[in-house]
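Q: I would like to learn how to read a few features of a protein model with a bound ligand. Could we start with the ligand and then move to the packing around it?

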Amino acid sequence: MKDIQNIVILTGAGVSAESGVATFRGPDGLWEGHRVEDVATPEAFVRDPDLVQKFYDERRAKLKTVQPNAAHQALAKLDEKWLGDLLLVTQNVDDLHDRAGSQRLLHMHGELNSAWCLACDVRSPFDEVMAAAPACPHCHQPSCLRPDIVWFGEMPYGMERIEHALAQCDLFVSIGTSGAVYPAAGFVQTARHYGARTLEMNLDPSEGSFHFHESRMGKAGALVPDWVEEILRDV
Ligand code: BV8
């Protein structure tokens, strides 16, 4: 596509579904197991830290048993070959985009494989069990780690960088997200405000489907590799 120079891609749980990672609002949804307010808010962590730690420990351990799928691989290939600006913003806290090789990647809701120390405020790579109250890898204080996850009511990471990229992009692509959570759900409107074309690829129409110039319905594992081939063909 000759007139496309700068791209912003937003992914949600749907891009990891075919890898076996549960989505939030599907029949196997994580929220089914727990109410959001019981596990994904700062208040929940104060009220019942053990429940919250176990919820994230389970998901962190699960990462060791799953692999990136064709959608993650295709997006990593686009990152490698795309000569213009490209920013992959993921709402996902799994490491599948990282393991597929995406470089220009921003985890706006944090990462399961990162620990945030409430004593020294440093974030460190972490892939063990946090409920066991291990010492901080940086300051070595015991029992002061929380999941490095953006909970409801907390400020997502990288918002300035994301807003700058949205203002510059010619194409905004949303993949595998229900469009239920803000500020991510509002990115399509920001991109349109600045004149970008907008494309949605999802199993079914998201809550913001009407904002998109084009919607392709289907599984990410099939739609995304086809789209990447299409966009790289005209480079
Ligand atoms: C903030 C980490 C402000 C946790 C997550 C009223 C109106 C507007 C906003 C609000 C409001 N009330 C409250 C708010 C703010 C709130 C919000 O948006 N609430 C919602 C519920 C209304 N937002 C926040 O609190 C955010 N912070 O606003 O801060 C602020 C300002 C200044 C200073 C301080 C603070 C923070 C939100 C981040 C919360 N953390 N994740 C964790 O992961 O445990 S959100 C969590 O749900 C995920 O990370 C993800 O981002 C989000 C949405 O999930 P999706 O990724 O979309 O997944 P979902 O299951 O919903 O959908 C999957 C989709 O994939 C489906 O459409 C399905 O059809 C599709 N699919 C399935 N399989 C496939 C597929 N597609 C393709 N292929 C397949 N195979």
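Q: By class, how many nonpolar, polar and charged residues does the shell around the ligand have?
A: Keep in mind that this is a predicted model. The shell is made up of 16 nonpolar, eleven polar and six charged residues. In total, 33 residues surround the ligand, and the closest are R25, R59, G153, T177 and D204.

Q: Which atoms of the ligand lie 2.7 Å from a backbone N or O atom of F24, and what is found at E18 and V150?
A: A polar contact is a pair of N or O atoms within 3.5 Å. For F24, the partner of the backbone N or O atom is an oxygen atom of the ligand, at 2.7 Å. A side-chain N or O atom of E18 is 2.9 Å from a ligand nitrogen. At V150, a polar backbone atom lies 2.8 Å from a nitrogen atom of the ligand. As for cover, the ligand on its own has 1,500 Å² of accessible area, and the protein covers 74% of that.

Q: Is F172 buried or exposed?
A: Buried means under 20% relative accessible area. F172 has 1% relative accessibility, so it counts as buried. This residue belongs to strand β7, residues 171-175.

Q: What does F172 touch, not counting residues up to four places away in sequence?
A: Its contacts include V8, L10, L166, F187, V188 and F212. The C-alpha atoms of F172 and V8 are 4.9 Å apart in space, although 164 residues separate the two in sequence.

Q: How many Å should the twelve residues of helix α5 span?
A: The expected span is 1.5 Å times one less than the number of residues. For α5, residues 70-81, that gives 16 Å, and the end C-alpha atoms are 16 Å apart, so the two agree. At the start of α5, the backbone nitrogen of A71 has a side-chain oxygen of N69 within 2.7 Å.

Q: Which residues of α5 are buried, and what do they pack against?
A: A71, H72, A74, L75, A76, L78 and D79 are buried. They pack against β1, β2, α6, β7 and α9.

Q: How does the span check turn out for the 14 residues of α9?
A: The expected value is 20 Å and the end C-alpha atoms are 19 Å apart, which agrees. Among the buried residues of α9 are L223, V224, W227, V228, I231 and L232. Their cover includes β1, α5, β7, β8 and β9.

How values were computed. Residues numbered from 1 in each chain as written. Predicted model: local features only at pLDDT ≥ 70, side-chain atom pairs only at ≥ 80, totals over all residues. Heavy atoms only, no water. Helix = DSSP H or I, 4+ residues; strand = E, 2+ residues; numbered from the N terminus. Buried < 20%, exposed > 50% of the residue type's maximum accessible area, 1.4 Å probe, protein only. Contact = heavy atoms within 4.5 Å. Polar contact = N/O pair within 3.5 Å; in protein donor to acceptor, adjacent residues only side chain to side chain. Near = heavy atom within 4 Å. Areas by Shrake-Rupley, 256 points an atom, 1.4 Å probe, with all protein chains shown as cover. Nonpolar A, V, L, I, M, F, W, Y, C, P; charged D, E, K, R; others polar.
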